[in-house]
Amino acid sequence: MRLENVVWACRDPHALGRFWAAALDAEVLVESDDQLEARVLFGADVFLDVCFGPPSDPPRGPQRLHLDLRGGRAQEAVVRRLLSLGARRADIGQGDVPWVVLADPAGNAFCVMEDRAAYATGTGPVAALPLDSADPDRDAVFWAAITGWVPTTDDPHALQHPSGAGPLLELCPEPEPRRTPSVLHLDVRPDPADVAASPTAPLDLVRDLGGSVVEQPAAGLPWTVCADPSGNAVCVLGVRPPT
């Protein structure tokens, strides 16, 4: 499987999607009244799609996944640009830290990071995807297996694409257990050959690694809603039709 999408549940997919497409210099692929998808390219065949759609059940709990954007030496300029696009400064109790916390037009917090060696090359506009975890050791194994990403040499809880391109997926100790759905979640897409060999292989892998298949919001959707061992939602997409 591969990590393919970062998904926002939002009341105005067009407005929020347009903000993030501009913020990430992403190419808009799909746009309609209730959906927007855009692609961030990091290298040859290395990409993440950012997807925006209405929530089936409006999330109410703490945000367990967010984006850390690359700022580096241009941090102040990046912040000014994001503010001009519609972001605002946010206080989530971060105190005196070297990164800058902003909120997107829907109020979702994200960070613009300072200069760090881990983000020096290859990350593109997104430096990291921090995800709350009840057990970072356990969940790093889960996410490595379902994304194909590998631990970095400096941090076993930080995963990256094997090519070294794109953001890090960081498993971070959770401040509190997950109790309600989060605004953001990740999608993975299985390899067609694996599904052809065994149609249940992707979901079997999720269960074998301590995750779960949860009650589906509707019948006939082209994805299956699952959860990692800490309860974070992850959708297993259907196999993409050949082009």
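Colleague: How do the residues lining the largest pocket divide into nonpolar, polar and charged?
Modeller: There are 27 nonpolar, 10 polar and 11 charged residues in that lining. Here Ala, Val, Leu, Ile, Met, Phe, Trp, Tyr, Cys and Pro are nonpolar, Asp, Glu, Lys and Arg charged, and the others, Gly among them, polar. This is a predicted model, where local features need pLDDT of at least 70 and side-chain atom pairs 80 or more, while totals for chains, interfaces and linings use all residues. Numbering runs from 1 along each chain's sequence, and side-chain values use heavy atoms, without hydrogens or water.

Colleague: How much space lies in the largest pocket?
Modeller: About 1200 Å³. A pocket is an open set of points on a 1 Å grid over the protein atoms alone, with protein on both sides within 12 Å along at least five of seven lines; lining residues have an atom within 4 Å of a point.

Colleague: Which residues are closest to the centre of the largest pocket?
Modeller: Val7, His185, Trp223, Val225 and Cys235. The whole lining has 48 residues.

Colleague: And which element gives the most to that lining?
Modeller: Strand β1 does, with 5 residues. Strands are DSSP E runs of at least two residues, numbered from the N terminus. Other elements giving two or more residues include β2 (27-32), β3 (35-43) and β4 (46-53). Later in the chain, β13 (184-189), β15 (223-227) and β16 (233-237) also give two or more.

Colleague: What about the second largest pocket, what is its volume?
Modeller: About 510 Å³. Its lining has 21 residues, with His66, Ile92, Trp99, Cys111 and Pro130 nearest the centre. By class, 13 are nonpolar, 3 polar and 5 charged. β8 (109-112), β9 (126-133) and β12 (168-173) each supply at least two of them.

Colleague: Now cavities. How many of 30 Å³ or more are there?
Modeller: There are 4. A cavity is a set of grid points where a 1.4 Å probe fits but cannot get out. The largest holds about 60 Å³.

Colleague: Which residues line the largest cavity?
Modeller: Arg64, Leu65, Leu131, Trp143, Ser182, Leu184, His185, Leu186, Asn232 and Ala233. The largest share, 3 residues, comes from β13. The lining has 6 nonpolar, 3 polar and 1 charged residue.

Colleague: And how does the lining of the second largest cavity divide by class?
Modeller: It has 3 nonpolar, 1 polar and 5 charged residues. The lining includes Arg64, Asp132, Glu176, Arg178 and Arg179. The volume of this cavity is about 50 Å³.

Colleague: New topic. Which residues have the most contacts inside the largest nonpolar core?
Modeller: Trp8, Trp20, Leu67, Leu129 and Trp143, in a core of 50 residues. Such a core joins buried Ala, Val, Leu, Ile, Met, Phe, Trp, Tyr and Cys through side-chain atoms within 4.5 Å. Buried means under 20% relative accessible area (1.4 Å probe, protein chains only). A second, separate core has 11 residues, including Val101, Ala103, Ala109 and Ala127.

Colleague: What is leucine 67 in contact with?
Modeller: Leaving aside neighbours within four places in sequence, its contacts (heavy atoms within 4.5 Å) include Val6, Trp8, Trp20, Leu24 and Phe110. Leu129 and Leu184 are also among them.

Colleague: Last one. In what order do the strands of the open sheet run?
Modeller: The 8 strands run β6-β7-β8-β5-β9-β12-β11-β10, with mixed pairing. β6 (88-89) and β10 (150-151) are at the edges with a single partner each, so one side of each has no neighbour in the sheet. Two strands pair if DSSP finds at least two bridges between them. β5 (residues 68-69) and β9 pair antiparallel over 2 bridges. Aspartate 68 stands opposite alanine 128 there.

Terms used
Points joined across faces, edges and corners; volume = space filled by probe spheres on them. Helix = DSSP H or I, 4+ residues; strand = E, 2+ residues; numbered from the N terminus.
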